[in-house]
Amino acid sequence: MQPPGLRDRRGRRAAGRKWPATATGAVLIVGSAIAFALDGPVARAAYQQGLDPATFGFWRASAGVIVLGGWLAAGLRPGALAAIRQMRRAAAIRLALAAVAGLGLNLALFEAFARLPVAVAVAGFGCYPLFVAAWEAARGQSTAGVAGLGLAGVAIVGLVLLMRPDPSVSAPAAGLLLALLAAVLHAGYILLGRGGWGEVGDGAAAFLIVATGAAGLGALTAATRPSTMLAPVTDFRLIGLLLFEGALAGAAAPLLFLAGLRRIGATQTAVLSLCEPLTATLLAAVMLRQLPAPTQLLGAGLLVGAGIAVQIVPARRGRAAVGEQGRIRTS
């Protein structure tokens, strides 16, 4: 029989071994958020060149499919295709629903960018951590519990202060509703993907999700504005911009996102993903000399603080639970 002190120390070490996976997941989510931060500015630039939201989304997703397909082909393992065909029904349904949600949220968000200033659209879209945290808190599935819901609320307040929507700028109701619809769909995407896809890896899942988006947006563009589908081909600068956007935001970002989501859970993922607007503001300050106002600095502080706290709370609770189990066994 092991001494009680030894069992307790081993329990604390087992809890401590979770930190590397958590830290890795946080880095992956922050990396995906930085890549996703390109969406708003690049979309507005593409719209100024005559593209509509569906055409932009189609080219972005198509570039992502090419990059992810090449990456998968280069590192394809024996049995990988068989694993996709032999997916369990529950995982296949989750993946299909996630692909549809991804298609819908991209179309809704790109339409919102066409109707709203990028800052206002991102602020509306940024409500998704609150939806995720509320769902997980209601179902008791979040290790952060009510604290996670509160931290999501703090992050939303920080987001609003950071983006500082100008009250003098028109914000059509249709654009705001589209941004909120994108937030709801993104929350569903996160909740569907948190459990993984069985034997199918993150790369294959990301490829199938992005390919679904490309097919759906391509069909929509062909049905509504077929003359715009090949418009970027005649503009080398525009096609270069779209390929760059597709490689980062269309391929790397969803791959990093799915890999990080499985490691840290839905609520932590949602809050950390708000690094996206923070990155956009910092880029504007560095590249465009748009120095942040004091309220924006406060918003950035709230965002960063909530992102750190939402990682610390579950870890502390996990260590406390392990310690409590050790005390129960020794009593």
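The side chain of arginine 60 makes a polar contact of 2.9 Å with the side chain of aspartate 39, a polar contact being a pair of N or O atoms within 3.5 Å, of which, within protein, one must be able to donate a hydrogen and the other to accept it, while residues adjacent in sequence count only if both atoms are side-chain atoms. The model is a predicted one, in which local features need pLDDT of at least 70 and side-chain atom pairs count only at pLDDT 80 or more, whereas totals for chains, interfaces and linings use all residues. Residues are numbered from 1 along each chain as its sequence is written, and side-chain values use heavy atoms, with hydrogens and water left out.

Arginine 60 is found in helix H4 and aspartate 39 in helix H3, residues 39-48, where helices (H or I, at least four residues) are DSSP runs numbered from the N terminus. Arginine 60 counts as buried at 5% relative accessibility, and aspartate 39 is likewise buried, with a relative accessible area of 5%; buried means under 20% relative accessible area, exposed over 50%, and partly exposed in between, for a 1.4 Å probe and protein chains only. Helix H4 has 22 residues, which should span 32 Å at 1.5 Å a residue, and its end C-alpha atoms are 32 Å apart, in agreement with that value; the expected span is 1.5 Å times one less than the number of residues. At the N-terminal end of H4, aspartate 52 acts as a cap, with a side-chain oxygen 3.2 Å from the backbone nitrogen of alanine 54.

Arginine 60 also belongs to the lining of the largest cavity, where Phe36, Arg60, Leu105, Asn106 and Pro254 are the closest to the centre among 25 lining residues. A cavity is a set of points, on a 1 Å grid over the protein atoms alone, where a 1.4 Å probe fits but cannot get out, and lining residues have an atom within 4 Å of a point. Grid points are joined across faces, edges and corners, and a volume is the space filled by probe spheres set on the points. Two cavities of 30 Å³ or more are counted by this rule, and the largest holds about 360 Å³ of space. Its lining has 16 nonpolar, six polar and three charged residues, where Ala, Val, Leu, Ile, Met, Phe, Trp, Tyr, Cys and Pro count as nonpolar, Asp, Glu, Lys and Arg as charged, and the others, Gly among them, as polar. Helices that each supply at least two residues of this lining include H4 (53-74), H6 and H10 (173-193).

Six aromatic pairs are found in a search of the whole structure, rings of Phe, Tyr and Trp (its six-membered ring) being paired if their centres lie within 6.5 Å, with planes under 30 degrees apart counted as stacked, over 60 as edge-to-face and the rest as tilted. Phenylalanine 58 and tryptophan 59 form an edge-to-face pair, 6.3 Å centre to centre with 75° between the planes, and phenylalanine 58 is buried at 18% relative accessibility, as is tryptophan 59 at 15%. Phenylalanine 110 and phenylalanine 113 form a tilted pair, 6.5 Å centre to centre with 35° between the planes. Both of these phenylalanines lie in helix H6 (residues 89-115), three residues apart, about one turn of the helix, and both are buried. Together with Tyr47 and Phe56, Phe110 and Phe113 form one aromatic cluster.

Key. 1 Å grid on protein atoms, 1.4 Å probe; cavity = no way out; pocket = protein on both sides within 12 Å on 5 of 7 lines; lining within 4 Å.
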